[in-house]
Amino acid sequence: MLSISPAVKLWYCPTPVDMRLGFDGLHALVCNLLKADPLSGHLFIFRNKAADRLKVLYWGGHGLCLWCQRLEAGRYHFPDAPQGKAVELSAAA
């Protein structure tokens, strides 16, 4: 289980992204698409079109961290949101 500080926000990008993107590509999406600061310490969550893969970009204080997960079956479910606009997630979402 991942435990994070309550001060850390979870920002979800509802626009599906190319999962080949790495640190630099996702950093650019946070800046240009979500209009946010990738070095803020918040978590930025991206998914692919099929919603069976996730990437999470996070500034760890000394560098960017990138977490990836692929589901073997099923898909992730996120709240509906306008494309290109970040959505803050909570435990209730």
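Here is a walk through this predicted model, from its strands and cores to its aromatic, charged and cysteine pairs. Because it is a prediction, local features need pLDDT of at least 70 and side-chain atom pairs count only at pLDDT 80 or more, while totals for chains, interfaces and linings use all residues. Residues are numbered from 1 along each chain as its sequence is written, and side-chain values use heavy atoms, with hydrogens and water left out.

Let's start with the strands. Helices (H or I, at least four residues) and strands (E, at least two) are DSSP runs, numbered from the N terminus. Strand S3 (residues 53–59) and S4 run antiparallel and are joined by seven bridges; two strands pair if DSSP finds at least two bridges between them. Across this pairing, Lys-55 sits opposite Cys-68 in S4. The hairpin of S3 and S4 has four residues between the strands, and Gly-61 there takes a positive phi near 100°.

Leu-66 is a handy place to look at this pairing, since Leu-66 lies in S4. Its C-alpha is 5.6 Å from that of Val-56, though the two are ten residues apart in sequence. Setting aside neighbours within four places in sequence, Leu-66 is in contact (heavy atoms within 4.5 Å) with Gly-22, Phe-23, Leu-26, Lys-55, Val-56 and Leu-57. Is Leu-66 buried, partly exposed or exposed? Buried means under 20% relative accessible area, exposed over 50%, and partly exposed in between (1.4 Å probe, protein chains only). At 21%, Leu-66 counts as partly exposed.

Now for the inside. A nonpolar core is a set of buried Ala, Val, Leu, Ile, Met, Phe, Trp, Tyr and Cys residues joined through side-chain atoms within 4.5 Å. The largest one has nine residues: Cys-13, Val-17, Met-19, Leu-26, Val-30, Leu-34, Phe-44, Phe-46 and Leu-57. Helix H1 (23–32) and strand S2 (43–47) each supply at least two residues of this core. Apart from it lies another core, of eight residues, including Tyr-12, Ile-45, Val-56 and Tyr-76. Back in the nine-residue core, what does Leu-57 touch, beyond residues up to four places away in sequence? Its partners include Leu-26, Val-30, Phe-44 and Phe-46, and also Phe-23, His-27 and Leu-66.

Thr-15 is also worth a click, in the loop between S1 and H1. Thr-15 is buried, with a relative accessible area of 19%. Beyond its neighbours within four places in sequence, Thr-15 contacts Leu-33, Arg-47, Gln-83 and Gly-84.

How many aromatic pairs are there in the whole structure? The search finds three. Rings of Phe, Tyr and Trp (its six-membered ring) pair if their centres lie within 6.5 Å; planes under 30 degrees apart count as stacked, over 60 as edge-to-face and the rest as tilted. Tyr-12 and Phe-78 are stacked, because their ring centres are 4.1 Å apart and their planes are at 10°. Tyr-12 lies in strand S1 (residues 10–12) and Phe-78 in the loop between strand S4 (64–70) and strand S5 (87–89), so the pair ties together parts that are 66 residues apart in sequence. Tyr-12 is buried at 2% relative accessibility, whereas Phe-78 is partly exposed at 23%. Another stacked pair is Tyr-58 and Trp-67, at 5.5 Å centre to centre with 15° between the planes. Tyr-58 is partly exposed at 23%, and Trp-67 is partly exposed too, at 37%. Tyr-12 and Phe-78 also join Tyr-76 in one aromatic cluster.

On to the charges. A salt bridge is a side-chain nitrogen of Lys or Arg within 4 Å of a carboxyl oxygen of Asp or Glu, and by this rule there are two. One links Asp-18 to Arg-20, with the closest N and O atoms 2.7 Å apart; Asp-18 is partly exposed at 36% and Arg-20 exposed at 73%. Arg-70 and Glu-72 form a salt bridge with 2.8 Å between the closest N and O atoms. Arg-70 is partly exposed at 48%, and Glu-72 is exposed at 67%.

Last, the cysteines. With a disulfide taken as a pair of cysteine sulfur atoms within 2.5 Å, the count comes to zero. Why is Cys-13 without a bond? Its sulfur is 13 Å from the closest cysteine sulfur, in Cys-31, which is too far. Cys-13 is buried, at 0% relative accessible area. Cys-68 is in no disulfide either, and its nearest cysteine sulfur, that of Cys-65, is 11 Å away. Cys-68 is exposed, at 52%.
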